[in-house]
Amino acid sequence: MTRRLAPTGFAAPDRATATEFWVVRHGESTWNVDGRYQGQTDVPLSPIGVLQASSLAERLTAQPFSAVYTSDLTRAAQTAQIVAERLHGAPPVQTDVGLREIDVGELAGLTIHEIRARHAEYLQALVTEPWSTRRPGGESMEDLYARSGDAFTRIQARHPGQRVLVFTHGGVVRVAVGLALGGVPANAWARLSVSNTSVTRVLLGAGSGMLLGFNDDAHLESLLEATEADDVLGQAP
């Protein structure tokens with residue numbers, strides 16, 4: 001039997017063995033409000049972030065997922081708990097530290113204005129080499145891609161042919177997109193704006209992938225805030 005090809009001419013991942021990921025960026029945090037880079041600093045959701053998570057929970061009420069995973073950072077785990085209790089069967093939330101945000105090192109707690117004043121050389125290097133430039137004392141996008149890519153691989157191996165919900169961070173959402181597309185051009189990373197509590201859907205198989213949907217935040221239409229900036233971008237929220 002001839003295998004059906006996707007419109008692009010490439011074979012789509014086999015849904016019998018691939019995993020469909022619904023990847024969610026956490027709700028707005030208190031440092032998102034202040035315009036401070038967070039990285040792996042553990043800060044909670046803001047009141048608006050709780051409302052965003054509740055709006056997503058209402059949208060996903062009774063949806064079936066085989067498993068729910070989250071970064072161990074509070075802003076992601078808190079979002080996950082708010083949503084998971086409304087899902088079909090209220091599945092337990094499992095933690096994977098590989099889903100943490102990029103480590104921004106010395107930039108943690110700083111605003112973009114402070115970063116421009118203290119780390120001008122880093123910002124210039126980021127323009128020239130956005131993929132491999134490490135945050136001072138932290139990670140590069142290349143490092144993040146390797147670390148969180150391993151996390152997606154582990155989860156995919158546990159859930160072939162299933163649908164999984166993942167709560168994480170803007171940088172890791174970009175990694176999921178890269179895995180689905182077989183990579184993302186270096187200068188395109190900053191253009192992948194990821195709103196708080198938006199849903200990005202990817203289908204990942206062994207050595208193959210497909211982007212099913214990106215940055216879907218329709219559930220936030222009645223709210224005033226849906227912050228897009230994060231710790232990967234060289235701009236203020």
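Start by selecting His26, which sits in the loop between β1 (19–25) and α1 (30–34). This is a predicted model, so read each stop on the tour as a prediction. Is His26 buried or exposed? Turn on a surface and check: His26 is buried, since its relative accessible area is 2%, under the 20% cut-off.

Now show what surrounds His26. Leaving aside residues up to four places away in sequence, His26 touches Asn32, Gln38, Arg75, Ala76, Thr79, Thr168, His169, Asn196 and Thr197. Pick Arg75 out of that group: its side chain and that of His26 are joined by a polar contact of 3.3 Å.

**Into the sheet**

Next, step back along the chain from His26 and select β1. Why is β1 described as largely enclosed by the rest of the structure? Because seven of its seven residues are buried. Show the side chains and you'll find two sets: Thr19, Phe21, Val23 and Arg25 point one way, while Glu20, Trp22 and Val24 point the other way, and all are buried.

With β1 still highlighted, bring in the other strands. They form an open sheet of six strands with mixed pairing, in the order β3-β2-β4-β1-β5-β6. Which strands stand at the edges? Those are β3 (93–95) and β6 (208–216); each has a single partner strand, so one side of each is left without a neighbour in the sheet. Turn the sheet to look across the strands: from one strand to the next, the twist averages 25°.

**The two neighbours of β1**

Go to one side of β1 and select strand β4 (residues 163–168). These two strands pair in the parallel sense, over six bridges. Two residues make handy markers here. Trp22 has Leu165 as its bridge partner in β4, and Arg25 has Thr168. You have met Thr168 already: it was among the residues that His26 touches.

Now try the other neighbour, strand β5 (residues 199–205). Here the pairing with β1 is antiparallel, again with a count of six bridges. Keep Trp22 selected and look for Arg201, which stands opposite it in β5.

**Out towards β3**

Move on to β2 (67–70). Which residues cover the two sides of β2? Ala67 and Tyr69 are on one side, Val68 and Thr70 are on the other, and all are buried.

From β2 you can walk in two directions. Towards β4, four bridges join the two strands, which run parallel; select Ala67 and then its bridge partner in β4, Val164. Towards β3, the pairing is also in the parallel sense, over three bridges; here Tyr69 stands opposite Gln94.

Add helix α3 (residues 74–84) to the view. This helix packs on the sheet and touches β2, β3 and β4, and its direction makes about 140° with that of β4.

**Two backbone stops**

Select Ala62, in the loop between α2 (47–60) and β2. Its phi is near 70°, a positive value in a residue other than glycine. At 49% relative accessibility, Ala62 counts as partly exposed.

Then jump to Asn215 in strand β6. Phi is positive here too, near 55°, again in a residue other than glycine. Asn215 counts as buried, at 15% relative accessibility.

**A pair of crossing helices**

Hide the sheet and show helix α6 (residues 141–158) with helix α7 (residues 170–181). Their axes come within 9 Å and cross at roughly 75°, which makes α6 roughly perpendicular to α7. Which residues make the contact? On α6, select Met141, Leu144, Tyr145, Ser148, Gly149 and Phe152; on α7, select Gly171, Val172, Val175, Ala176, Gly178 and Leu179. Colour them by type and you'll get eight nonpolar, four polar and no charged residues.

**Last stop: Glu121**

Finish with Glu121, in helix α5 (residues 120–128). Is Glu121 buried or exposed? Glu121 is exposed, with a relative accessible area of 72%. To get a sense of distance, draw a line from its C-alpha atom to that of Phe65: the two residues are 56 apart along the chain, and those atoms are separated by 45 Å.

Terms used: Residues are numbered from 1 along each chain as its sequence is written. This is a predicted model: local features need pLDDT of at least 70, side-chain atom pairs count only at pLDDT 80 or more; totals for chains, interfaces and linings use all residues. Side-chain values use heavy atoms; hydrogens and water are left out. Axes are lines fitted to C-alpha atoms, for helices over the stretch in contact, and angles run from 0 to 180 degrees between N-to-C directions. Angles under 35 degrees count as roughly parallel, over 145 as roughly antiparallel, 65 to 115 as roughly perpendicular and the rest as oblique. Contact means heavy atoms within 4.5 Å. Ala, Val, Leu, Ile, Met, Phe, Trp, Tyr, Cys and Pro count as nonpolar, Asp, Glu, Lys and Arg as charged, and the others, Gly among them, as polar. Buried means under 20% relative accessible area, exposed over 50%, partly exposed in between (1.4 Å probe, protein chains only). A polar contact is a pair of N or O atoms within 3.5 Å; within protein, one must be able to donate a hydrogen and the other to accept it, and residues adjacent in sequence count only if both atoms are side-chain atoms. Two strands pair if DSSP finds at least two bridges between them.
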